[in-house]
Amino acid sequence: MSDPNNPNIEKRTTPQWALYQRENFWKANEGQTPPFNTDPTKLEEEAQRKLSQGGWYYASSNAGQSTTHLANRQAFYRHRLIPNQLVDTNLRDTSTTIFGHRVSAPIGFAPIGINAIYHPTAERAVAKVAGELNLPYCLSTAGSTPIEAVGAANGPGNPRFYQLYMPHDDELTLSLLRRAWAAGFDALILTTDTWQLGWRHDDVANSNYAFYRGIGADLGLTDPVFRRRCQEAGIDPDNDPVAASTKWIDSVWHGRAWSWEKIPWLMARWREISGGRPFVIKGIQSVADARKCVEYGVDGIVVSNHAGRQVDGAIASLDALENIVDAVGDRIYVMFDSGVRGASDVAKALALGARFVFVGRLWVWGLSIMGEEGVRHVMKSLLADFDILMAVAGFNRVEDFDRSALESYPKSYTLIPDRVL
């Protein structure tokens, strides 16, 4: 266990996250128990017990037969970490830099919408924990809390980014960007794989769509431009939340695709509003698209397949990462998400060339189980896991994770169970 009196702790440049392990082991001495088990399988099972059927389906559903989700997890299995022994890791540093922010670890909160269906505290609770832990928080355009309230909950000076689903209404887009910038969100992340929701069987079979029930559209319903659009359509957003929420989400996931031609306009507008802060595209899976991002002057990309929720039968995001880093990793800031379930997954993505890793479903399960404290427990556990992995596997800095840290096997995705974490 981590000794709280270890003199190296005071010399470290980042917290001794590993002490959270000791804290949980000690609880029995005080007649307490840890909040819940953070093993991903048991975490998901507990979240299912806590959530309504609709909340569970929306959080857990994947596109089609879940084969992209399956491939995401299997791709991690073919890469194995190679530990190093007798390395002095007493002063290891888990921190890294992202877009000018020095953060606690190369781990961020991926953007996930309608948090209100998971817990009443919704995005506020998640943003608050992210601020406490000095980890980047990404707010989704499909969020169920006003931008300004989320920024306030995250706290002054903390790294927070705004994830945009771009409406086919330029005035509304600009209003969202201005609100985000004013609320302290200083990087823009455009998600490009969700012009329309993927076909998710459970959601469709149960008419499971909170927005069409008037739930979860607070981010949009508090926008002055959108409220004017409602008035122009004869909708009173205060007294007819179903019509207003439906109009909002139909403006965001609208079934109409954008093309590369729109990117220069959006980048220019964001840079004007923010004074030149970073512009990122999320959803990149092909080398060709990654090269396009470099060509267009995009500041960063998130290699992501939306955790398998959008395109069934697609390439594993980790495989896409490997291809993309080989092609453009020295010319653009490459980030990763999709399928991360623990510290070793973070380490493998870093070793394959990602400079930063986002997690989503882990903290959603924590939010579902115990609100703010659930998010805190999941993310502190992940930080402790990462800190301990660095200690026992012989890594002192995030930059130490490179291809030499892996033994990688050929792609061979033959196991096809109904579900796999």
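These legends go with a set of close-up views of a predicted model.

Residue numbers start at 1 along each chain as its sequence is written, and side-chain values use heavy atoms, with hydrogens and water left out. Since the model is predicted, local features need pLDDT of at least 70 and side-chain atom pairs count only at pLDDT 80 or more, while totals for chains, interfaces and linings use all residues.

**View 1. The largest cavity takes up about 430 Å³.**
The structure holds two cavities of 30 Å³ or more, and this view goes to the largest. On a 1 Å grid over the protein atoms alone, a cavity is a set of points where a 1.4 Å probe fits but cannot get out, and lining residues have an atom within 4 Å of a point. Grid points are joined across faces, edges and corners, and the volume is the space filled by probe spheres set on the points. There are 31 lining residues here, and Pro-111, Ile-112, His-306, Ala-307 and Arg-309 are the closest to the centre. Helix H4 (53–60), strand S11 (356–359) and helix H17 (361–393) each chip in at least two residues of the lining; helices (H or I, at least four residues) and strands (E, at least two) are DSSP runs, numbered from the N terminus. By class, the lining splits into 15 nonpolar, ten polar and six charged residues. For that split, Ala, Val, Leu, Ile, Met, Phe, Trp, Tyr, Cys and Pro count as nonpolar, Asp, Glu, Lys and Arg as charged, and the others, Gly among them, as polar.

**View 2. The second largest cavity has a volume of about 30 Å³.**
Around it sit Pro-111, Cys-138, Ile-189, Lys-282, Val-302, Asp-337 and Phe-358. That lining comes out as five nonpolar and two charged residues, with no polar ones.

**View 3. The largest pocket holds about 400 Å³.**
A pocket, unlike a cavity, is an open set of points, with protein on both sides within 12 Å along at least five of seven lines. Of its 21 lining residues, Thr-38, Asp-39, Ser-381, Leu-382 and Asp-385 are the closest to the centre. Helix H2 (19–26), helix H3 (40–50) and H17 are the elements that give two or more residues to this lining. H17 gives the most, with eight residues. The lining divides into eleven nonpolar, seven polar and three charged residues.

**View 4. The second largest pocket offers about 320 Å³ of space.**
Gln-196, Leu-197, Gly-198, Val-204 and Tyr-209 lie nearest its centre, out of 14 lining residues. Seven of the lining residues are nonpolar, four polar and three charged.

**View 5. Phe-109 and Tyr-137 make a tilted aromatic pair.**
Searching the whole structure turns up 17 aromatic pairs. Rings of Phe, Tyr and Trp (its six-membered ring) pair if their centres lie within 6.5 Å; planes under 30 degrees apart count as stacked, over 60 as edge-to-face and the rest as tilted. In this pair the rings are 6.4 Å apart centre to centre, with 50° between the planes. Phe-109 belongs to strand S4 (residues 107–109) and Tyr-137 to strand S5 (residues 137–140), so the pair ties together parts that are 28 residues apart in sequence. Phe-109 is buried at 0% relative accessibility, and Tyr-137 is buried at 1% (buried means under 20% relative accessible area, with a 1.4 Å probe and protein chains only).

**View 6. Phe-395 and Phe-401 form a stacked pair.**
Their ring centres are 4.3 Å apart and their planes at 20°, so the pair counts as stacked. Phe-395 is buried at 2% relative accessibility, and Phe-401 is buried at 4%.

**View 7. An aromatic cluster and two charges over rings.**
Tyr-165, Tyr-209, Phe-211, Tyr-212 and Trp-253 form one aromatic cluster. Elsewhere, Arg-160 lies over the face of Phe-185, 5.6 Å from the ring centre, and Lys-262 lies over the face of Trp-265, 4.1 Å from the ring centre. A charge sits over a ring if NZ of Lys or CZ of Arg is within 6 Å of the ring centre and within 35 degrees of the ring normal.

**View 8. Cys-293 sits buried in helix H14 (residues 287–296).**
Cys-293 has 0% relative accessibility. Leaving aside neighbours within four places in sequence, Cys-293 is in contact (heavy atoms within 4.5 Å) with Trp-260, Ile-281, Ile-284, Val-298, Ile-301 and Ile-332.

Key. Buried < 20%, exposed > 50% of the residue type's maximum accessible area, 1.4 Å probe, protein only.
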